[in-house]
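Thank you all for making time this morning. I would like to walk through one structure with you, starting from a single residue and working towards the interior.

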Amino acid sequence: MLSPVEKNAFEDAMSLYSIYVLEYGYVPEYDKGGVIYGAHNEGYIKLPYCYAVIKGRDWAAMVDVGYNDRDYGKYLGDLFNVQQWRPPHVVLGEIGLKPEDIRAVFITHAHFDHFGNVEAFPNATFYIQKRELQEWVWAMSLPDRMRWIMCGIDTGDILRGVQLAREKRLIALDGPVENIFPGIDLHVAYDSHTWACMWVAVRNDGQQSSKDVWVLAGDLVYQFENIYGSNKQLKIDDLYVPVGLATGSQINLIMATEAMMKTVEYESRRIIPIHEARLEQAFPSRITKDKLRVTEICKAKGDTAAVA
Amino acid sequence: MSRASPTIHAAACSVWDVPAESTPEALSAKGYRVDAHAAYLAAARPIYDGLKRCVGQLGGVLLLMQTKGLDRTRADDVLRSARDQLRELEERSLAFPVPSGAQPHHDELRRLLGLLGTVYRRLERTADLIDPASAELNDAVAALFACHGGLLAAAEPRAGLSPVDFTAACCTCRQPGRDAVAS
């Protein structure tokens, strides 16, 4: 029986990709109820803003691109106390990459903090679900009283999307895609956090029936508690608890969590929550001079450590 | 409602009314001490929100066109809704007093309305806009970007005139002890 450390080392030796979670800003004190459904009046927690990088031998992709601080930075900063926002060239530089190195970006959903900085990646092709776009466009035709449905959508991102599409750099997908790149599968959770929210499974041994799958959950899972939460009233531990924001339904969030768990054969540490401040407890990580965390989820064969 | 689509409201529908947080009374409570300015911002909020929605709708139709995600029926509904809104916004923009200090702001909203009207008229001829390299598409996109830039310039977030509604986004919470609106 291999220890977790030995197991990681063994898997790294066989892995196609290195995977990193890179923090590009954070809210120091975020209402826990926004993260964990029903956690009202349970205080505040740190909420990091991150994107994930999938780095191959001569190729790199990202899951989401964050937002651009230029247009809304001051407003966001004042309103939500977002701190330490840093641009992609600084954040990616921590793992030896430049924005120009990114060839593909999987946009999990169209919220501004995931789809809001496409212009920073001039050589990337962006993949998003067609239904995600269609429903947001419809939502924009709704009146102001129904604006909750439109939350987090920046019309500027839509316009930048038009430009990308004209350049054939925005691909609207119609459902899940297996092997969009070798060993990388895109899954969809419809009517969950948003209309067509994607999650990314990396089969890092390249095998169809993989024993080395990592799931990059987007906003379908914010933090560990969404996977193994607890219910004090029912005295139940280890139950799925939806994230605090669903344009669709909590049921679909639960079902998406189950689908992810099934994909990783119920090894929950293989589901990577993107707004989790405690990834350091499960993976090697370091803090940069900008006070942002770099977390190494796994390392490809031959890759050098970025967190040493 | 008289619209064919059950999901898109008619321009005259009461649901377009000023949200409660942007009434003159609410704005005065937020620190807009000059009554005329508070009243102006309350009246301007629906114009601003309508412009924002129209930019999103018109840009969205172009986006769906380019990504082959356009559902013709729904696109027609969206375009009709934009047309009705623009007409309604045009009328509403002339129906309230504008204090002298707010005149440049009002002029900008009127300019954006005109610009969006131009884009809408271009979008009526969608056949000219499908080709990614078309000059018509260039003009439409440039005009929409100009409108978006104008919305950024005309933003007054404390009064609810904001290009993005963050009130229920991923970062919804107010910080403990902070009142972002009044700060």
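**From an exposed loop to the core**

Let me begin with K168(A), which has 10 other C-beta atoms within 10 Å and is therefore exposed, since a residue counts as exposed here when 12 or fewer such atoms lie that close. Please keep in mind throughout that this is a predicted model. K168(A) sits in the loop between α7 (155-166) and β6 (170-173) of chain A, and its phi is near 60 degrees, a positive value in a residue other than glycine.

Chain B offers a residue that can be described in a similar manner. K68(B), in the loop between α2 and α3 of chain B, has a phi near 55 degrees, again positive in a residue other than glycine. With 11 C-beta neighbours inside 10 Å, K68(B) also counts as exposed.

Let me step back to chain B as a whole. What does its secondary structure come to? The answer is five helices and zero strands, so that reading along the sequence gives the pattern α-α-α-α-α. Of the 183 residues in chain B, 44% are buried, and among its contacts with a separation of 6 or more, 67% are between residues 24 or more positions apart.

Next comes helix α3 of chain B, residues 72-93, where we can make a small check on the geometry. At 1.5 Å a residue, its 22 residues should span 32 Å, and because the C-alpha atoms at its ends are 31 Å apart, the two values agree. Several residues of α3(B) are buried, including A75(B), V78(B), A82(B), L86(B) and L89(B). As a general reminder, an α-helix has 3.6 residues a turn, so residues three or four places apart point the same way. Which elements cover the buried residues of α3(B)? They include α2 and α4 (103-123) of chain B, together with α6 (130-140) of chain A.

That brings us to the interior. The largest nonpolar core has 145 residues, and those with the most contacts inside it are A52(A), V105(A), L51(B), L58(B) and L116(B). Its largest share, 18 residues, comes from helix α2 of chain B, residues 35-66.

I would like to finish on L51(B), one of the residues with the most contacts inside that core. Leaving aside residues up to four places away in sequence, L51(B) touches L89(B), L109(B), L112(B), L113(B), L116(B), C147(B) and L151(B). One of these partners, L89(B), is among the buried residues of α3(B) that I listed a moment ago.

How values were computed: Residues numbered from 1 in each chain as written. Chains lettered and ligands numbered in written order. Predicted model: local features only at pLDDT ≥ 70, side-chain atom pairs only at ≥ 80, totals over all residues. Core = buried A, V, L, I, M, F, W, Y, C linked by C-beta atoms within 7 Å. Buried ≥ 20, exposed ≤ 12 C-beta atoms within 10 Å, placed from the backbone. Helix = DSSP H or I, 4+ residues; strand = E, 2+ residues; numbered from the N terminus. Contact = placed C-beta atoms within 7 Å. Expected span 1.5 Å × (residues − 1).
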